[in-house]
Amino acid sequence: MGASSVKTAIVVIDMINDFVTGKLKCNGASKIITNIGRLLESARSAGIPIIYANDAHLPGIDGELKIWPEHALAGTEGAEVVEELKPLRGDYIIQKRRYSAFFGTCLDLLLRELEVDTLVLVGLVTNVCIQNTAGDAFFRGYRVIVPEDCVGAASEEDHRSGIDYMRKIYGCEIARAEGLISRGWV
Ligand code: ZN
């Protein structure tokens, strides 16, 4: 592990059953699974912390459920990470109730304890939870990298608009999985 690699963490957002195959199936989900898997394998061998941030909604309470159909209820199979990308021992798992993985969660505390200053965001949905998490990371001073072949949205237009927004407004670096791996994550 190089000295620089310890400052990076990968945050896997909402790669859960309800978004990949279930109630709120996202068209862009299936094609990113392999790329994320490759990235996670590389991250594990490089000693880069892996943090899963998963929707875990409370029925009848969560504001998000007034906008979207019911999905990812806490404790249900729909809120579990898909089989292909299951967390392993040593990974961190955070439950969230809003788009941003920072809002109302211990993510910022965890990142500080891990002495992380750079986040690689992967998962779903490019222009919703990824974009909102990227914004909250930017507000807190983190450097954000988004491998565009590891995030997906309902449509190509939604995906592109999220990528463009994060690049222009939050200064995110837009990368690709293989590029990140081959350059050693920095
Ligand atoms: Zn949700």
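# Predicted zinc-binding model: fold, site and helices

Asp-14 lies in the loop that runs from strand S1 (8–13) to helix H1, where helices (H or I, at least four residues) and strands (E, at least two) are DSSP runs numbered from the N terminus. The coordinates are those of a predicted model, in which local features need pLDDT of at least 70 and side-chain atom pairs count only at pLDDT 80 or more, while totals for chains, interfaces and linings use all residues. Residues are numbered from 1 along each chain as its sequence is written, and side-chain values use heavy atoms, with hydrogens and water left out.

## Overall architecture

The protein has 6 helices and 7 strands, and these succeed one another along the sequence in the pattern β-α-α-β-β-α-β-α-β-β-α-β-α. Its C-alpha trace spans about 45 × 35 × 30 Å along the principal axes. The radius of gyration of the protein is 15 Å, which agrees with the value near 16 Å that a compact globule of 186 residues would have; this radius is taken over C-alpha atoms, and the globule rule is 2.2 Å times the number of residues to the power 0.38. Of the 186 residues, 54% count as buried, where buried means under 20% relative accessible area, exposed over 50% and partly exposed in between (1.4 Å probe, protein chains only). Among contacts (heavy atoms within 4.5 Å) with a separation of 6 or more, 77% join residues that are 24 or more positions apart.

## The zinc site

The zinc ion is coordinated by Asp-55 through OD, His-57 through NE2, Glu-64 through OE and His-71 through NE2, at 1.9 to 2.1 Å. Donors here are N, O and S atoms within 2.8 Å of the metal (3.2 Å for Na, K and Ca), and sites may look incomplete because water is not among the atoms. Along the chain, the donors follow the spacing D-x1-H-x6-E-x6-H. His-57 and His-71 are 14 residues apart, and both belong to the loop between strand S2 (50–55) and strand S3 (92–96).

Why is the arrangement around the zinc ion irregular? The 4 donor atoms subtend angles of 83 to 148 degrees, whereas four donors count as tetrahedral if all angles lie between 85 and 135 degrees; four count as square planar and six as octahedral if opposite donors are over 155 degrees apart and all others between 65 and 115, and anything else is irregular. His-57 is buried, with a relative accessible area of 0%, and His-71 is likewise buried, with 1%.

## Helices H4 and H5

The 14 residues of H4 should span 20 Å at 1.5 Å a residue, and its end C-alpha atoms are 18 Å apart, which agrees; the expected span is 1.5 Å times one less than the number of residues. Because 10 of the 14 residues of H4 are buried, this helix is largely enclosed by the rest of the structure. The buried residues include Thr-126, Cys-129, Thr-133 and Asp-136, and their cover includes S1, S3, S4, S5, S6 and H5.

Helix H5 (residues 156–170) has 15 residues and reaches 20 Å from its first C-alpha to its last, close to the 21 Å expected. Its buried residues are His-159, Gly-162, Ile-163, Met-166 and Tyr-170. These residues cover an arc of only 95 degrees around the axis, which puts them on the same side of H5; the arc is that of the directions from the helix axis to the C-beta atoms. Glu-157 and Lys-168, on the other side of H5, are exposed. What covers the buried residues of H5 includes helix H4 (126–139), strand S5 (143–147), strand S6 (151–152) and strand S7 (173–175).

## Backbone features

Positive phi values are listed below.

| Residue | Place | Phi |
|---|---|---|
| Asp-14 | loop between S1 and H1 | near 55 degrees |
| Glu-115 | loop between H3 and S4 | about 55 degrees |
| Gly-141 | just after H4 | about 90 degrees |
| Gly-171 | just after H5 | about 70 degrees |

Neither Asp-14 nor Glu-115 is a glycine. Asp-14 counts as buried at 1% relative accessibility, whereas Glu-115 counts as exposed at 62%.

A cis peptide bond, with omega about -5 degrees, joins Leu-124 and Val-125, and Val-125 is placed in the loop between strand S4 (118–124) and H4. Gly-22, in the loop between helix H1 (17–20) and helix H2 (33–46), counts as partly exposed at 29% relative accessibility. Gly-22 and Ala-72 are 50 residues apart in sequence, while their C-alpha atoms are 9.3 Å apart in space.
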